[in-house]
Amino acid sequence: MVKRTYDDNTVIIFDTTLRDGEQSPGATLSSAEKLEIARQLSRLGVDVIEAGFPAASPDDLKAVQRIAREVGRPEGPTVAGLSRALESDIRTAWEGVKEASKPRIHTFLGTSPSHLAMLRINQEEGLERIRSGVTLAKSLCDDVEFSPMDAGRTDTEYLIRACAAAVECGATTLNIPDTVGYVMPAEWADTLEMLINETPGAGPGSGVIWSVHCHNDLGLATANTLAGLTRGVRQVEVTINGIGERAGNTSMEEVVMAIHTRKSFYNLRTNIDTTQIMKTSRMVRNYMGMPVQPNKAIVGANAFAHESGIHQDGVLKNAETFEIMMPEDVGLTQSKLVLGKLSGRHALRVRLRELGYEVDGDELVDVFRRFKELADLKKTVTDADLEALVADEAAQKPEDHFRLVDIQVVCGTMGMPTATVKMLNQDGEALVVSAVGTGPVDASYRAVDAIVDAPNELLEFNVHSVTEGIDALGEVTVRITPADSSRTFGGYGADSDIIVSSVKAYVAALNRMISSMGLGGVVPEGEVAVVGLTSS
Ligand code: KIV
Ligand code: ZN
(Lines give C-alpha, C1' and ligand atoms only; values in the text may rest on other atoms or scores of the structure.)
(Ligands and ions follow the chains in the order given, each with its own letter.)
Protein backbone atom coordinates (compact mmCIF):
# COMPACT_ATOMS: atom_id res chain seq x y z
CA MET A 1 0.00 0.00 0.00
CA VAL A 2 1.27 3.49 -0.86
CA LYS A 3 2.10 5.68 2.11
CA ARG A 4 1.29 9.27 1.23
CA THR A 5 3.52 11.86 2.91
CA TYR A 6 3.55 15.61 2.41
CA ASP A 7 5.94 18.53 2.69
CA ASP A 8 6.29 21.89 0.91
CA ASN A 9 7.95 20.20 -2.05
CA THR A 10 5.28 17.56 -2.55
CA VAL A 11 3.21 17.89 -5.71
CA ILE A 12 -0.36 16.73 -5.07
CA ILE A 13 -1.52 14.51 -7.91
CA PHE A 14 -5.21 15.11 -8.55
CA ASP A 15 -6.44 12.54 -11.02
CA THR A 16 -9.51 13.39 -13.09
CA THR A 17 -9.51 10.34 -15.38
CA LEU A 18 -12.92 9.34 -14.06
CA ARG A 19 -14.42 12.82 -14.56
CA ASP A 20 -12.71 14.91 -17.26
CA GLY A 21 -11.18 11.78 -18.84
CA GLU A 22 -14.53 10.07 -19.01
CA GLN A 23 -15.76 13.04 -21.05
CA SER A 24 -13.54 11.82 -23.94
CA PRO A 25 -15.63 10.76 -26.90
CA GLY A 26 -16.31 7.03 -26.54
CA ALA A 27 -14.87 6.65 -23.05
CA THR A 28 -18.08 5.75 -21.19
CA LEU A 29 -17.45 3.42 -18.24
CA SER A 30 -19.76 1.27 -16.15
CA SER A 31 -19.81 1.84 -12.42
CA ALA A 32 -17.91 -1.44 -11.83
CA GLU A 33 -15.19 -0.34 -14.25
CA LYS A 34 -14.95 3.05 -12.55
CA LEU A 35 -14.52 1.34 -9.19
CA GLU A 36 -11.78 -0.93 -10.54
CA ILE A 37 -9.93 2.05 -12.03
CA ALA A 38 -10.34 4.02 -8.79
CA ARG A 39 -8.79 1.12 -6.86
CA GLN A 40 -5.86 1.10 -9.24
CA LEU A 41 -5.45 4.89 -8.97
CA SER A 42 -5.26 4.43 -5.23
CA ARG A 43 -2.54 1.77 -5.62
CA LEU A 44 -0.73 4.12 -8.00
CA GLY A 45 -0.66 6.63 -5.13
CA VAL A 46 -2.66 9.55 -6.49
CA ASP A 47 -3.57 11.97 -3.71
CA VAL A 48 -7.00 12.98 -4.98
CA ILE A 49 -9.41 11.07 -7.21
CA GLU A 50 -12.04 13.19 -8.90
CA ALA A 51 -14.57 10.39 -9.07
CA GLY A 52 -17.18 12.12 -11.23
CA PHE A 53 -19.78 14.84 -11.60
CA PRO A 54 -22.58 13.59 -9.32
CA ALA A 55 -25.22 16.02 -10.58
CA ALA A 56 -24.75 14.82 -14.18
CA SER A 57 -26.98 11.74 -13.69
CA PRO A 58 -28.18 9.32 -10.98
CA ASP A 59 -25.67 6.76 -12.33
CA ASP A 60 -22.81 9.23 -11.93
CA LEU A 61 -23.92 9.94 -8.37
CA LYS A 62 -24.05 6.21 -7.54
CA ALA A 63 -20.61 5.59 -9.03
CA VAL A 64 -19.09 8.44 -7.00
CA GLN A 65 -20.77 7.16 -3.82
CA ARG A 66 -19.36 3.69 -4.37
CA ILE A 67 -15.85 5.00 -4.92
CA ALA A 68 -16.13 7.25 -1.86
CA ARG A 69 -17.21 4.29 0.26
CA GLU A 70 -14.84 1.65 -1.06
CA VAL A 71 -11.72 3.57 -2.10
CA GLY A 72 -11.91 6.69 0.08
CA ARG A 73 -10.63 4.90 3.18
CA PRO A 74 -8.51 6.58 5.86
CA GLU A 75 -5.23 5.43 4.29
CA GLY A 76 -6.56 6.05 0.76
CA PRO A 77 -6.88 9.14 -1.44
CA THR A 78 -9.18 12.13 -1.05
CA VAL A 79 -12.33 11.61 -3.13
CA ALA A 80 -13.61 14.71 -4.92
CA GLY A 81 -16.92 15.34 -6.66
CA LEU A 82 -17.32 18.13 -9.22
CA SER A 83 -20.18 20.62 -9.13
CA ARG A 84 -21.16 23.83 -10.83
CA ALA A 85 -21.49 26.74 -8.38
CA LEU A 86 -25.19 25.93 -7.99
CA GLU A 87 -26.96 24.89 -4.83
CA SER A 88 -28.46 21.66 -6.20
CA ASP A 89 -25.16 20.58 -7.82
CA ILE A 90 -23.20 21.27 -4.65
CA ARG A 91 -25.64 19.34 -2.46
CA THR A 92 -25.54 16.40 -4.89
CA ALA A 93 -21.74 16.49 -4.99
CA TRP A 94 -21.76 16.26 -1.19
CA GLU A 95 -24.15 13.29 -1.34
CA GLY A 96 -21.59 11.69 -3.65
CA VAL A 97 -18.46 12.12 -1.57
CA LYS A 98 -19.64 12.35 2.04
CA GLU A 99 -18.85 8.75 2.93
CA ALA A 100 -15.18 9.11 1.99
CA SER A 101 -12.72 9.53 4.86
CA LYS A 102 -11.35 12.58 3.06
CA PRO A 103 -14.16 14.10 0.97
CA ARG A 104 -13.72 17.17 -1.24
CA ILE A 105 -16.23 19.33 -3.11
CA HIS A 106 -14.77 20.86 -6.27
CA THR A 107 -16.94 23.68 -7.49
CA PHE A 108 -16.41 25.88 -10.55
CA LEU A 109 -17.72 28.90 -12.39
CA GLY A 110 -16.72 30.20 -15.84
CA THR A 111 -14.96 33.56 -15.46
CA SER A 112 -13.87 34.50 -19.00
CA PRO A 113 -15.96 37.02 -20.96
CA SER A 114 -17.44 34.28 -23.16
CA HIS A 115 -18.32 32.06 -20.19
CA LEU A 116 -19.91 34.92 -18.25
CA ALA A 117 -21.87 35.79 -21.40
CA MET A 118 -23.00 32.19 -21.72
CA LEU A 119 -24.24 32.31 -18.12
CA ARG A 120 -25.79 35.73 -18.86
CA ILE A 121 -24.17 37.32 -15.84
CA ASN A 122 -21.68 40.14 -15.36
CA GLN A 123 -18.43 40.02 -13.38
CA GLU A 124 -20.03 41.22 -10.12
CA GLU A 125 -22.78 38.60 -10.39
CA GLY A 126 -20.06 36.03 -11.06
CA LEU A 127 -18.34 36.97 -7.80
CA GLU A 128 -21.66 36.66 -5.96
CA ARG A 129 -22.16 33.14 -7.35
CA ILE A 130 -18.65 32.15 -6.33
CA ARG A 131 -19.27 33.44 -2.81
CA SER A 132 -22.58 31.68 -2.36
CA GLY A 133 -21.36 28.43 -3.99
CA VAL A 134 -18.16 28.18 -1.95
CA THR A 135 -19.94 29.20 1.28
CA LEU A 136 -22.51 26.44 0.81
CA ALA A 137 -19.83 23.88 -0.12
CA LYS A 138 -17.82 24.86 2.99
CA SER A 139 -20.87 24.43 5.21
CA LEU A 140 -21.03 20.80 4.06
CA CYS A 141 -17.39 19.84 3.59
CA ASP A 142 -14.17 21.11 5.08
CA ASP A 143 -12.12 20.53 1.94
CA VAL A 144 -13.34 22.82 -0.85
CA GLU A 145 -11.66 23.45 -4.19
CA PHE A 146 -12.67 26.29 -6.49
CA SER A 147 -11.91 26.60 -10.23
CA PRO A 148 -12.46 29.75 -12.31
CA MET A 149 -13.22 27.92 -15.55
CA ASP A 150 -11.49 29.24 -18.70
CA ALA A 151 -8.97 31.10 -16.53
CA GLY A 152 -6.58 30.98 -19.49
CA ARG A 153 -8.80 33.56 -21.25
CA THR A 154 -9.81 35.54 -18.16
CA ASP A 155 -8.09 38.82 -17.33
CA THR A 156 -5.74 38.48 -14.38
CA GLU A 157 -7.31 41.27 -12.36
CA TYR A 158 -10.70 39.55 -12.38
CA LEU A 159 -9.08 36.18 -11.68
CA ILE A 160 -7.48 37.64 -8.56
CA ARG A 161 -10.87 38.92 -7.38
CA ALA A 162 -12.55 35.58 -8.13
CA CYS A 163 -9.86 33.60 -6.28
CA ALA A 164 -9.91 36.02 -3.34
CA ALA A 165 -13.70 35.65 -3.06
CA ALA A 166 -13.38 31.85 -3.04
CA VAL A 167 -10.67 31.86 -0.37
CA GLU A 168 -12.58 34.33 1.77
CA CYS A 169 -15.55 31.92 1.76
CA GLY A 170 -13.45 28.90 2.71
CA ALA A 171 -11.85 27.38 -0.41
CA THR A 172 -8.54 25.73 0.49
CA THR A 173 -7.45 24.78 -3.04
CA LEU A 174 -7.54 27.21 -5.96
CA ASN A 175 -7.35 25.43 -9.29
CA ILE A 176 -6.57 27.50 -12.37
CA PRO A 177 -7.84 25.82 -15.54
CA ASP A 178 -6.73 26.43 -19.10
CA THR A 179 -10.02 24.96 -20.26
CA VAL A 180 -9.45 25.37 -23.99
CA GLY A 181 -5.69 24.70 -24.16
CA TYR A 182 -4.89 28.28 -25.16
CA VAL A 183 -2.01 29.49 -23.01
CA MET A 184 1.75 29.37 -23.62
CA PRO A 185 4.12 28.04 -20.94
CA ALA A 186 6.00 31.30 -20.26
CA GLU A 187 2.91 33.51 -20.03
CA TRP A 188 1.08 30.87 -17.95
CA ALA A 189 3.96 30.72 -15.49
CA ASP A 190 3.85 34.53 -15.13
CA THR A 191 0.08 34.54 -14.65
CA LEU A 192 0.27 31.85 -11.99
CA GLU A 193 3.07 33.61 -10.16
CA MET A 194 1.09 36.83 -10.14
CA LEU A 195 -2.05 35.06 -8.86
CA ILE A 196 -0.12 33.34 -6.08
CA ASN A 197 1.58 36.53 -4.94
CA GLU A 198 -1.30 38.94 -5.33
CA THR A 199 -4.46 37.10 -4.33
CA PRO A 200 -5.37 38.37 -0.85
CA GLY A 201 -5.40 35.59 1.71
CA ALA A 202 -3.85 33.02 -0.65
CA GLY A 203 -0.17 33.92 -0.82
CA PRO A 204 2.82 31.79 0.20
CA GLY A 205 2.43 30.67 3.80
CA SER A 206 -1.38 31.05 3.75
CA GLY A 207 -1.95 27.30 3.56
CA VAL A 208 -3.91 27.63 0.30
CA ILE A 209 -2.84 25.10 -2.35
CA TRP A 210 -2.55 26.40 -5.89
CA SER A 211 -3.38 23.97 -8.66
CA VAL A 212 -3.37 23.86 -12.47
CA HIS A 213 -5.64 22.02 -14.88
CA CYS A 214 -4.52 22.18 -18.50
CA HIS A 215 -6.00 20.96 -21.76
CA ASN A 216 -3.88 19.85 -24.67
CA ASP A 217 -5.38 21.59 -27.71
CA LEU A 218 -1.99 22.96 -28.77
CA GLY A 219 -0.03 20.00 -27.40
CA LEU A 220 1.19 22.11 -24.45
CA ALA A 221 -0.71 20.68 -21.49
CA THR A 222 2.31 19.00 -19.90
CA ALA A 223 4.59 22.01 -20.58
CA ASN A 224 2.03 24.42 -19.11
CA THR A 225 1.51 22.24 -16.04
CA LEU A 226 5.25 21.92 -15.41
CA ALA A 227 5.67 25.68 -15.92
CA GLY A 228 3.24 26.18 -13.04
CA LEU A 229 5.34 23.99 -10.76
CA THR A 230 8.33 26.32 -11.19
CA ARG A 231 6.29 29.21 -9.75
CA GLY A 232 4.71 27.69 -6.67
CA VAL A 233 1.86 25.51 -7.94
CA ARG A 234 1.65 22.36 -5.78
CA GLN A 235 -1.32 20.46 -7.20
CA VAL A 236 -1.63 19.22 -10.79
CA GLU A 237 -4.84 17.95 -12.34
CA VAL A 238 -4.09 15.13 -14.73
CA THR A 239 -5.50 12.06 -16.45
CA ILE A 240 -4.02 8.66 -17.26
CA ASN A 241 -2.78 8.51 -20.88
CA GLY A 242 -3.76 12.20 -21.15
CA ILE A 243 -7.32 11.29 -22.08
CA GLY A 244 -10.02 13.93 -21.98
CA GLU A 245 -12.24 16.05 -24.13
CA ARG A 246 -10.89 17.03 -27.57
CA ALA A 247 -7.07 16.72 -27.46
CA GLY A 248 -7.24 15.61 -23.83
CA ASN A 249 -5.88 16.74 -20.46
CA THR A 250 -2.37 16.82 -19.03
CA SER A 251 -1.01 13.31 -18.89
CA MET A 252 -0.26 12.03 -15.38
CA GLU A 253 2.65 9.87 -16.47
CA GLU A 254 4.41 12.70 -18.31
CA VAL A 255 4.27 15.13 -15.39
CA VAL A 256 5.20 12.53 -12.77
CA MET A 257 8.12 11.16 -14.77
CA ALA A 258 9.37 14.68 -15.55
CA ILE A 259 9.43 15.46 -11.82
CA HIS A 260 11.03 12.10 -11.08
CA THR A 261 13.62 12.16 -13.90
CA ARG A 262 14.56 15.85 -13.51
CA LYS A 263 14.72 15.92 -9.73
CA SER A 264 17.72 18.23 -9.79
CA PHE A 265 15.77 20.76 -11.87
CA TYR A 266 12.42 20.74 -10.03
CA ASN A 267 13.51 19.64 -6.55
CA LEU A 268 9.98 18.26 -6.07
CA ARG A 269 8.46 14.89 -5.23
CA THR A 270 5.16 13.03 -5.60
CA ASN A 271 3.52 10.13 -3.76
CA ILE A 272 3.20 8.14 -6.98
CA ASP A 273 4.54 4.59 -7.14
CA THR A 274 5.88 4.92 -10.67
CA THR A 275 6.10 1.14 -11.12
CA GLN A 276 2.28 1.12 -11.28
CA ILE A 277 2.18 3.49 -14.26
CA MET A 278 2.10 0.94 -17.11
CA LYS A 279 -0.49 -1.17 -15.42
CA THR A 280 -2.76 1.82 -14.82
CA SER A 281 -2.28 2.97 -18.39
CA ARG A 282 -3.25 -0.43 -19.77
CA MET A 283 -6.27 -0.70 -17.51
CA VAL A 284 -7.60 2.70 -18.61
CA ARG A 285 -6.87 1.93 -22.26
CA ASN A 286 -8.67 -1.41 -22.07
CA TYR A 287 -11.69 -0.34 -20.05
CA MET A 288 -12.21 2.83 -22.03
CA GLY A 289 -11.44 1.28 -25.40
CA MET A 290 -9.12 4.25 -26.04
CA PRO A 291 -5.89 3.18 -27.73
CA VAL A 292 -2.59 4.80 -26.78
CA GLN A 293 -0.54 6.10 -29.71
CA PRO A 294 2.65 4.00 -30.11
CA ASN A 295 4.95 7.02 -29.76
CA LYS A 296 3.14 8.42 -26.70
CA ALA A 297 5.71 9.51 -24.09
CA ILE A 298 6.20 7.05 -21.20
CA VAL A 299 3.36 4.61 -21.96
CA GLY A 300 3.39 4.23 -25.77
CA ALA A 301 4.42 0.82 -27.15
CA ASN A 302 7.56 2.41 -28.65
CA ALA A 303 8.46 4.62 -25.69
CA PHE A 304 11.34 2.34 -24.72
CA ALA A 305 12.01 0.70 -28.10
CA HIS A 306 15.22 1.42 -29.97
CA GLU A 307 15.08 0.76 -33.69
CA SER A 308 18.24 2.20 -35.22
CA GLY A 309 21.45 0.18 -35.05
CA ILE A 310 23.40 2.99 -33.42
CA HIS A 311 20.80 3.36 -30.68
CA GLN A 312 20.57 -0.40 -30.07
CA ASP A 313 24.31 -0.71 -29.87
CA GLY A 314 24.56 2.19 -27.43
CA VAL A 315 21.75 0.91 -25.20
CA LEU A 316 23.24 -2.58 -25.07
CA LYS A 317 26.58 -1.19 -23.94
CA ASN A 318 25.08 1.24 -21.46
CA ALA A 319 21.33 1.90 -21.15
CA GLU A 320 21.98 5.53 -20.19
CA THR A 321 23.41 6.29 -23.65
CA PHE A 322 19.94 6.78 -25.09
CA GLU A 323 17.59 6.20 -22.15
CA ILE A 324 16.77 8.81 -19.52
CA MET A 325 14.44 6.48 -17.61
CA MET A 326 14.57 2.77 -16.97
CA PRO A 327 11.63 0.74 -18.31
CA GLU A 328 11.36 -0.84 -14.84
CA ASP A 329 10.76 2.62 -13.33
CA VAL A 330 7.34 2.73 -14.98
CA GLY A 331 6.55 -0.93 -14.39
CA LEU A 332 7.64 -2.34 -17.73
CA THR A 333 9.11 -5.56 -16.40
CA GLN A 334 9.81 -8.80 -18.13
CA SER A 335 8.28 -10.66 -15.21
CA LYS A 336 6.81 -13.93 -16.46
CA LEU A 337 4.63 -16.44 -14.74
CA VAL A 338 5.60 -19.81 -16.12
CA LEU A 339 2.57 -22.02 -16.30
CA GLY A 340 2.84 -25.74 -16.34
CA LYS A 341 -0.14 -27.96 -16.93
CA LEU A 342 -0.32 -28.35 -13.16
CA SER A 343 -0.49 -24.70 -12.24
CA GLY A 344 -3.51 -24.25 -10.07
CA ARG A 345 -6.25 -21.75 -9.61
CA HIS A 346 -4.78 -20.63 -6.31
CA ALA A 347 -1.41 -19.69 -7.90
CA LEU A 348 -3.26 -17.73 -10.55
CA ARG A 349 -5.35 -15.92 -7.97
CA VAL A 350 -2.29 -15.03 -5.91
CA ARG A 351 -0.47 -13.68 -8.97
CA LEU A 352 -3.53 -11.68 -9.99
CA ARG A 353 -3.71 -10.25 -6.49
CA GLU A 354 -0.02 -9.29 -6.70
CA LEU A 355 -0.85 -7.54 -9.94
CA GLY A 356 -3.67 -5.71 -8.18
CA TYR A 357 -6.70 -7.66 -9.43
CA GLU A 358 -9.16 -9.16 -6.96
CA VAL A 359 -10.70 -11.95 -9.03
CA ASP A 360 -12.99 -14.49 -7.34
CA GLY A 361 -16.02 -16.69 -7.93
CA ASP A 362 -17.26 -17.19 -11.49
CA GLU A 363 -14.87 -14.61 -12.83
CA LEU A 364 -11.91 -16.55 -11.44
CA VAL A 365 -13.27 -19.76 -12.99
CA ASP A 366 -13.49 -18.04 -16.38
CA VAL A 367 -10.06 -16.41 -16.17
CA PHE A 368 -8.53 -19.72 -15.04
CA ARG A 369 -10.06 -21.58 -17.99
CA ARG A 370 -8.71 -18.94 -20.37
CA PHE A 371 -5.33 -19.04 -18.63
CA LYS A 372 -5.08 -22.82 -19.14
CA GLU A 373 -6.14 -22.52 -22.78
CA LEU A 374 -3.52 -19.87 -23.34
CA ALA A 375 -0.86 -21.89 -21.55
CA ASP A 376 -1.57 -24.72 -23.97
CA LEU A 377 -0.83 -22.38 -26.86
CA LYS A 378 2.10 -20.42 -25.40
CA LYS A 379 5.20 -21.52 -23.57
CA THR A 380 4.91 -18.80 -20.96
CA VAL A 381 2.05 -16.63 -19.83
CA THR A 382 3.23 -13.14 -18.92
CA ASP A 383 1.74 -10.61 -16.56
CA ALA A 384 0.64 -8.57 -19.58
CA ASP A 385 -1.23 -11.65 -20.90
CA LEU A 386 -2.99 -12.04 -17.56
CA GLU A 387 -3.94 -8.38 -17.51
CA ALA A 388 -5.37 -8.71 -21.02
CA LEU A 389 -7.40 -11.79 -20.01
CA VAL A 390 -8.81 -10.04 -16.96
CA ALA A 391 -9.67 -6.96 -19.04
CA ASP A 392 -11.32 -9.16 -21.65
CA GLU A 393 -13.42 -10.94 -19.01
CA ALA A 394 -14.32 -7.59 -17.44
CA ALA A 395 -15.43 -6.32 -20.86
CA GLN A 396 -18.17 -8.98 -20.95
CA LYS A 397 -20.76 -8.19 -18.31
CA PRO A 398 -23.81 -10.03 -17.00
CA GLU A 399 -26.05 -7.13 -18.00
CA ASP A 400 -24.86 -7.27 -21.62
CA HIS A 401 -27.59 -7.33 -24.25
CA PHE A 402 -25.66 -9.67 -26.54
CA ARG A 403 -22.83 -12.12 -25.99
CA LEU A 404 -20.61 -13.85 -28.52
CA VAL A 405 -20.79 -17.62 -28.12
CA ASP A 406 -19.03 -19.00 -31.20
CA ILE A 407 -17.55 -17.79 -34.42
CA GLN A 408 -16.25 -19.60 -37.46
CA VAL A 409 -14.58 -17.85 -40.35
CA VAL A 410 -13.55 -19.09 -43.77
CA CYS A 411 -11.17 -16.84 -45.67
CA GLY A 412 -8.15 -16.87 -47.92
CA THR A 413 -7.31 -16.15 -51.52
CA MET A 414 -9.69 -18.66 -53.04
CA GLY A 415 -13.13 -17.55 -52.07
CA MET A 416 -15.33 -15.02 -50.41
CA PRO A 417 -14.55 -14.44 -46.73
CA THR A 418 -17.52 -15.82 -44.80
CA ALA A 419 -18.24 -15.67 -41.07
CA THR A 420 -20.81 -17.58 -39.07
CA VAL A 421 -21.57 -16.03 -35.72
CA LYS A 422 -23.57 -17.46 -32.83
CA MET A 423 -24.72 -15.03 -30.17
CA LEU A 424 -26.97 -15.11 -27.13
CA ASN A 425 -29.38 -12.31 -26.39
CA GLN A 426 -30.40 -11.27 -22.87
CA ASP A 427 -33.22 -13.82 -22.82
CA GLY A 428 -30.70 -16.58 -23.50
CA GLU A 429 -31.90 -17.16 -27.07
CA ALA A 430 -29.23 -18.31 -29.49
CA LEU A 431 -29.01 -16.47 -32.78
CA VAL A 432 -26.90 -17.75 -35.65
CA VAL A 433 -26.10 -15.80 -38.81
CA SER A 434 -23.61 -16.15 -41.65
CA ALA A 435 -22.35 -13.24 -43.70
CA VAL A 436 -19.96 -12.57 -46.52
CA GLY A 437 -17.57 -9.63 -46.42
CA THR A 438 -14.47 -8.11 -47.96
CA GLY A 439 -12.32 -9.83 -45.33
CA PRO A 440 -12.78 -11.96 -42.22
CA VAL A 441 -13.37 -9.02 -39.86
CA ASP A 442 -15.79 -7.36 -42.27
CA ALA A 443 -17.69 -10.63 -42.70
CA SER A 444 -17.86 -11.14 -38.92
CA TYR A 445 -19.07 -7.60 -38.26
CA ARG A 446 -21.72 -7.98 -40.95
CA ALA A 447 -22.91 -11.17 -39.30
CA VAL A 448 -23.12 -9.39 -35.92
CA ASP A 449 -24.99 -6.51 -37.59
CA ALA A 450 -27.46 -8.99 -39.00
CA ILE A 451 -28.28 -10.04 -35.42
CA VAL A 452 -28.03 -6.78 -33.48
CA ASP A 453 -30.28 -3.98 -34.62
CA ALA A 454 -28.01 -1.05 -33.79
CA PRO A 455 -26.89 0.72 -36.99
CA ASN A 456 -23.51 2.35 -36.54
CA GLU A 457 -20.33 3.43 -38.23
CA LEU A 458 -16.93 1.97 -37.30
CA LEU A 459 -14.68 4.95 -36.54
CA GLU A 460 -11.55 3.19 -35.32
CA PHE A 461 -10.18 -0.32 -35.30
CA ASN A 462 -6.85 -1.07 -33.65
CA VAL A 463 -5.06 -4.39 -33.25
CA HIS A 464 -2.18 -4.72 -30.85
CA SER A 465 -0.10 -7.69 -29.81
CA VAL A 466 0.16 -8.07 -26.01
CA THR A 467 3.62 -9.64 -26.12
CA GLU A 468 6.17 -10.50 -28.76
CA GLY A 469 5.97 -13.75 -30.69
CA ILE A 470 3.62 -15.43 -33.12
CA ASP A 471 1.63 -17.04 -30.30
CA ALA A 472 0.86 -13.71 -28.60
CA LEU A 473 -2.59 -12.64 -27.50
CA GLY A 474 -4.08 -10.02 -29.80
CA GLU A 475 -5.92 -7.07 -28.29
CA VAL A 476 -8.43 -5.09 -30.31
CA THR A 477 -9.99 -1.75 -29.45
CA VAL A 478 -12.78 -0.28 -31.56
CA ARG A 479 -14.83 2.89 -31.52
CA ILE A 480 -18.24 3.16 -33.12
CA THR A 481 -20.81 5.90 -33.54
CA PRO A 482 -24.58 5.34 -33.84
CA ALA A 483 -26.09 6.21 -37.23
CA ASP A 484 -27.99 9.26 -35.98
CA SER A 485 -25.81 10.63 -33.19
CA SER A 486 -22.37 12.12 -32.72
CA ARG A 487 -21.67 10.09 -29.57
CA THR A 488 -19.02 7.40 -29.71
CA PHE A 489 -18.61 4.12 -27.83
CA GLY A 490 -15.49 2.05 -27.33
CA GLY A 491 -14.97 -1.68 -26.89
CA TYR A 492 -12.09 -4.00 -26.06
CA GLY A 493 -11.42 -7.69 -26.69
CA ALA A 494 -8.43 -10.00 -26.23
CA ASP A 495 -7.89 -13.49 -27.57
CA SER A 496 -5.18 -15.56 -29.18
CA ASP A 497 -7.31 -15.36 -32.35
CA ILE A 498 -7.53 -11.75 -33.52
CA ILE A 499 -10.83 -12.32 -35.33
CA VAL A 500 -12.34 -13.41 -32.02
CA SER A 501 -10.79 -10.34 -30.29
CA SER A 502 -12.18 -8.15 -33.06
CA VAL A 503 -15.71 -9.46 -32.66
CA LYS A 504 -15.58 -9.29 -28.87
CA ALA A 505 -14.43 -5.66 -29.04
CA TYR A 506 -17.22 -4.83 -31.47
CA VAL A 507 -19.88 -6.58 -29.38
CA ALA A 508 -18.59 -4.80 -26.23
CA ALA A 509 -18.94 -1.42 -27.98
CA LEU A 510 -22.42 -2.35 -29.25
CA ASN A 511 -23.51 -3.36 -25.74
CA ARG A 512 -22.35 0.00 -24.40
CA MET A 513 -24.14 1.85 -27.15
CA ILE A 514 -27.35 -0.11 -26.61
CA SER A 515 -27.30 0.42 -22.83
CA SER A 516 -26.68 4.10 -22.99
CA MET A 517 -29.00 4.91 -25.90
CA GLY A 518 -31.71 2.36 -25.30
CA LEU A 519 -31.27 0.86 -28.76
CA GLY A 520 -31.02 -2.52 -30.25
CA GLY A 521 -33.48 -5.27 -30.82
CA VAL A 522 -32.74 -8.48 -32.60
CA VAL A 523 -32.81 -8.43 -36.38
CA PRO A 524 -33.62 -11.95 -37.55
CA GLU A 525 -35.66 -14.65 -35.84
CA GLY A 526 -32.77 -16.85 -34.79
CA GLU A 527 -32.69 -18.67 -38.07
CA VAL A 528 -29.54 -19.14 -40.08
CA ALA A 529 -29.37 -16.44 -42.71
CA VAL A 530 -26.73 -15.42 -45.19
CA VAL A 531 -26.12 -11.73 -45.71
CA GLY A 532 -23.37 -9.60 -47.13
CA LEU A 533 -21.87 -8.79 -50.47
CA THR A 534 -23.45 -9.98 -53.64
CA SER A 535 -20.96 -11.52 -56.00
CA SER A 536 -20.74 -10.03 -59.46
O1 KIV B 1 -11.36 22.28 -18.06
C2 KIV B 1 -11.96 22.79 -17.08
O3 KIV B 1 -12.06 24.00 -16.93
C4 KIV B 1 -12.56 21.88 -16.14
C5 KIV B 1 -13.07 22.50 -14.88
C6 KIV B 1 -14.39 21.98 -14.50
C7 KIV B 1 -12.05 22.35 -13.80
O8 KIV B 1 -12.57 20.69 -16.34
ZN1 ZN C 1 -11.06 20.17 -17.93
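Begin by selecting D150, in what is a predicted model. With a relative accessibility of 0%, D150 counts as buried, because the cut-off for that class is under 20% relative accessible area. The residue sits in the loop that links strand 5 (144-149) to helix 6 (156-168). Its backbone also merits inspection: the phi angle of D150 is near 65°, a positive value in a residue that is not glycine.

Next, select N267 as a counterpart. Here too phi is positive in a residue other than glycine, with a value near 55°. N267 belongs to the loop between helix 10 (263-266) and helix 11 (277-288). Is N267 buried or exposed? At 52% relative accessibility, N267 counts as exposed, whereas D150 counts as buried.

Now move to ligand 1 and display its surroundings. The residues around ligand 1 are R19, D20, H106, F108, S147, M149, P177, T179, H213 and H215. By class, this shell comprises 3 nonpolar, 5 polar and 2 charged residues. Colour strand 4 (103-110) and strand 5 as well, since each of them supplies at least two residues of the shell.

Which side chains should be shown for polar contacts with ligand 1? Begin with T179, which has a polar side-chain atom 2.6 Å from an oxygen atom of ligand 1. Then show R19, where an N or O atom of the side chain is 2.9 Å from an oxygen atom of the ligand. Finally, add H215, with a polar side-chain atom 3.0 Å from an oxygen atom of ligand 1. A surface display completes this stop: ligand 1 taken alone exposes 260 Å², and the protein buries 96% of that area.

Keep H215 on display and select the zinc ion, ligand 2. Which protein atoms act as donors to the zinc ion? They are OD of D20, NE2 of H213 and NE2 of H215, at distances of 2.0 to 2.1 Å from the ion. Along the chain, the donors follow the spacing D-x192-H-x1-H. D20 lies in the loop between strand 1 (12-15) and helix 1 (31-44), and H213 lies in strand 7 (residues 209-214), so this pair ties together parts that are 193 residues apart in sequence. D20 and H213 are both buried. The donors D20, H213 and H215 also appear in the shell around ligand 1.

From the metal site, turn to helix 8 (residues 221-229). This helix is mostly covered, with 8 of its 9 residues buried. To see them, select A221, T222, N224, T225, L226, A227, G228 and L229. What covers these buried residues? The covering elements include strand 6 (173-178), helix 7 (185-198), strand 7, strand 8 (235-238), helix 9 (252-261) and helix 10. Among them, strand 7 is the strand that holds the zinc donor H213.

The last stop is L458, located in strand 15 (residues 456-465). L458 is partly exposed, with a relative accessible area of 39%. Beyond its neighbours within four places in sequence, L458 is in contact with Y445, V478, R479 and I480. To close the tour, draw a distance from the C-alpha atom of L458 to that of Q396: the two residues are 62 residues apart along the chain, and their C-alpha atoms are separated by 20 Å.

Conventions:
Residues numbered from 1 in each chain as written. Chains lettered and ligands numbered in written order. Predicted model: local features only at pLDDT ≥ 70, side-chain atom pairs only at ≥ 80, totals over all residues. Heavy atoms only, no water. Helix = DSSP H or I, 4+ residues; strand = E, 2+ residues; numbered from the N terminus. Buried < 20%, exposed > 50% of the residue type's maximum accessible area, 1.4 Å probe, protein only. Near = heavy atom within 4 Å. Polar contact = N/O pair within 3.5 Å; in protein donor to acceptor, adjacent residues only side chain to side chain. Areas by Shrake-Rupley, 256 points an atom, 1.4 Å probe, with all protein chains shown as cover. Nonpolar A, V, L, I, M, F, W, Y, C, P; charged D, E, K, R; others polar. Donors = N, O, S within 2.8 Å, 3.2 Å for Na, K, Ca; no water. Contact = heavy atoms within 4.5 Å.
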